[in-house]
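Colleague: I have a few questions about this one. Can we go through it together?

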Amino acid sequence: MSEGKFRHELVGSMSQGAAGNPTVAMIEAAFAHHKLHWRYVNMEVTPEDLGAAVRGARAMGFRGFNCSLPHKVTVIQHLDGLGESAALMGAVNCVVRRGEKFIGENTDGKGFLKSLQEVIDTKGKSVVLFGAGGAARAIAVELGLAGVKRITIVNRSAARGTELVTLLREKLRVESELIVWQGNYAVPAGTDIVINGTSIGLYDANARLALDLNTLKPGMVVADVVFSPVRTALLDDAAKRGCRAVDGLGMLVNQGVVGVQYWTGIDPDTSVMRKALEAALGV
Ligand code: NDP
């Protein structure tokens with residue numbers, strides 16, 4: 001009997017109040033499909049215990065971990081370094097052990113970009129992005145790194161919107177402006193990509209963004225970060241107008257794909273992961 005049979009590499013997920021974390025099924029499906037002796041373990045960690053939990057993960061030889069709210073910013077002080085986009089965003093959702101170091105990465109925006117680039121080459125494109133919270137910030141930074149020409153941020157709160165526009169202009173040298181969201185927003189002609197990066201539509205298939213739907217034109221790509229429901233009202237409205245729709249489930253799958261790539265070095269089968277996630281979410 002080989003000793004290796006009973007030895008598992010460990011990856012964790014540190015979150016609070018996420019007992020039903022559906023990404024566990026998705027990541028474990030990838031490990032099983034590729035016959036890796038790895039386990040992905042969900043752990044409830046309070047903010048007070050985060051430092052101890054990271055030290056524990058080091059002591060137990062974890063290969064890395066995901067972390068979600070409320071740990072995405074506070075985890076940084078417990079790490080040894082940051083990847084490029086995580087440093088720009090100031091937020092980490094994926095930690096990777098490289099040598100003896102725990103390095104913080106952010107796979108949210110990378111997952112989104114991977115989904116988007118399945119339907120459009122983002123280089124030189126003009127983007128309208130609704131929202132300036134964590135998800136929108138991650139997406140905007142990756143779009144900037146991927147060479148889009150222009151990002152218009154449309155956000156309800158001016159303060160968060162200004163912060164993101166300043167980051168895009170000063171750190172990424174991307175043309176960017178803020179539109180404070182009041183009334184139905186009209187998407188400017190010449191826009192290539194429209195993204196909902198807000199939580200509008202989450203768990204509500206009828207919720208709509210304040211948006212002049214007549215300004216969505218055939219050929220535009222319209223993407224949503226919301227993954228439950230998978231088919232949001234925005235994506236339905238966009239498809240009816242001849243736009244190409246990109247759902248938030250692809251983003252969630254692809255952030256898992258990037259995580260597995262970081263931790264294990266293999267390119268996991270995306271369809272196996274998507275199927276496992278759909279089953280876990282019941283969609
Ligand atoms: P945040 O709380 O950080 O940001 C929420 C954003 O939505 C802000 O820009 C906020 O505007 C805006 N917003 C919320 N409600 C309204 C409203 N009624 N009218 C106008 N604007 C509104 O959340 P996150 O960025 O972390 O998450 C946003 C969404 O992204 C969630 O639905 C989440 O599930 C999804 N997500 C999806 C992922 C995926 O893999 N598919 C990964 C990560 C997140 P303001 O600044 O004015 O408050």
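Colleague: How many residues surround the ligand, and which are the closest?

Modeller: Keep in mind that this is a predicted model. In it, 22 residues surround the ligand. The closest are Ala135, Asn155, Arg156, Ser157 and Gly248.

Colleague: What polar backbone atom is 2.8 Å from an oxygen atom of the ligand?

Modeller: That one belongs to Ala135. A polar backbone atom of Gly134 is 3.0 Å from an oxygen atom of the ligand. On the nitrogen side, a ligand nitrogen atom is 2.9 Å from a polar backbone atom of Gly248.

Colleague: And how much of the ligand's accessible area does the protein cover?

Modeller: The ligand has 920 Å² of accessible area on its own, and the protein covers 76% of that.

Colleague: Which helix gives the most to the shell around the ligand?

Modeller: Helix α8 does, with three residues. Helix α5, residues 134-145, also supplies at least two residues of the shell, as does α8.

Colleague: Now the strands. What is the order of the open sheet?

Modeller: The sheet has six strands in the order β2-β1-β3-β5-β6-β4, and the pairing is mixed. β2 and β4 stand at the edges with a single partner strand each, so one side of each has no neighbour in the sheet.

Colleague: How does β4 pair with β6, parallel or antiparallel?

Modeller: Parallel, over two bridges. Leu82 has Gly104 in β6 as its bridge partner.

Colleague: And in which sense do β5 and β6 pair?

Modeller: They are antiparallel, with five bridges between β5 and strand β6, which spans residues 101-105. One of the bridge pairs is Arg98 with Lys101 in β6. The two strands form a hairpin with two residues between them. Gly99 sits in that turn and has a positive phi of about 65 degrees.

Colleague: What about β3 and β5, parallel or antiparallel?

Modeller: Antiparallel again: strand β3, residues 64-67, pairs with strand β5, residues 94-98, over three bridges. Phe65 stands opposite Val95 in β5.

Colleague: Where do side chains point along a regular strand?

Modeller: They alternate between the two faces of the sheet.

Colleague: Let me switch to cysteines. How many disulfides does the structure hold?

Modeller: Zero. Cys67 is in no disulfide, and the nearest cysteine sulfur, that of Cys94, is 8.3 Å away. A disulfide would need the two sulfur atoms within 2.5 Å.

Colleague: Is Cys67 buried or exposed?

Modeller: Cys67 counts as buried because its relative accessibility is 3%, and the cut-off for buried is under 20%. Cys243 counts as buried too, at 7%.

Colleague: Why is strand β8 described as largely enclosed?

Modeller: Five of the six residues of β8, residues 150-155, are buried, so the rest of the structure largely encloses this strand. Strand β7, residues 126-130, runs parallel to β8 and is joined to it by five bridges. Leu129 stands opposite Ile153 in β8.

Colleague: Last topic, helix α1. Which of its residues are buried?

Modeller: Thr23, Met26, Ile27, Ala29, Ala30 and Phe31 are buried in α1, which covers residues 23-33.

Colleague: What do they pack against?

Modeller: The buried residues of α1 pack against two strands and two helices: β1 (9-15), β2 (38-44), α8 (248-264) and α9 (270-281). After α1 comes Lys35, with a positive phi near 55 degrees.

Note on methods
Residues are numbered from 1 along each chain as its sequence is written. This is a predicted model: local features need pLDDT of at least 70, side-chain atom pairs count only at pLDDT 80 or more; totals for chains, interfaces and linings use all residues. Side-chain values use heavy atoms; hydrogens and water are left out. Two strands pair if DSSP finds at least two bridges between them. Helices (H or I, at least four residues) and strands (E, at least two) are DSSP runs, numbered from the N terminus. Buried means under 20% relative accessible area, exposed over 50%, partly exposed in between (1.4 Å probe, protein chains only). Contact means heavy atoms within 4.5 Å. A residue is near a molecule or strand if one of its heavy atoms lies within 4 Å of it. A polar contact is a pair of N or O atoms within 3.5 Å; within protein, one must be able to donate a hydrogen and the other to accept it, and residues adjacent in sequence count only if both atoms are side-chain atoms. Accessible areas come from the Shrake-Rupley method with a 1.4 Å probe; for residues, only the protein chains shown count as cover.
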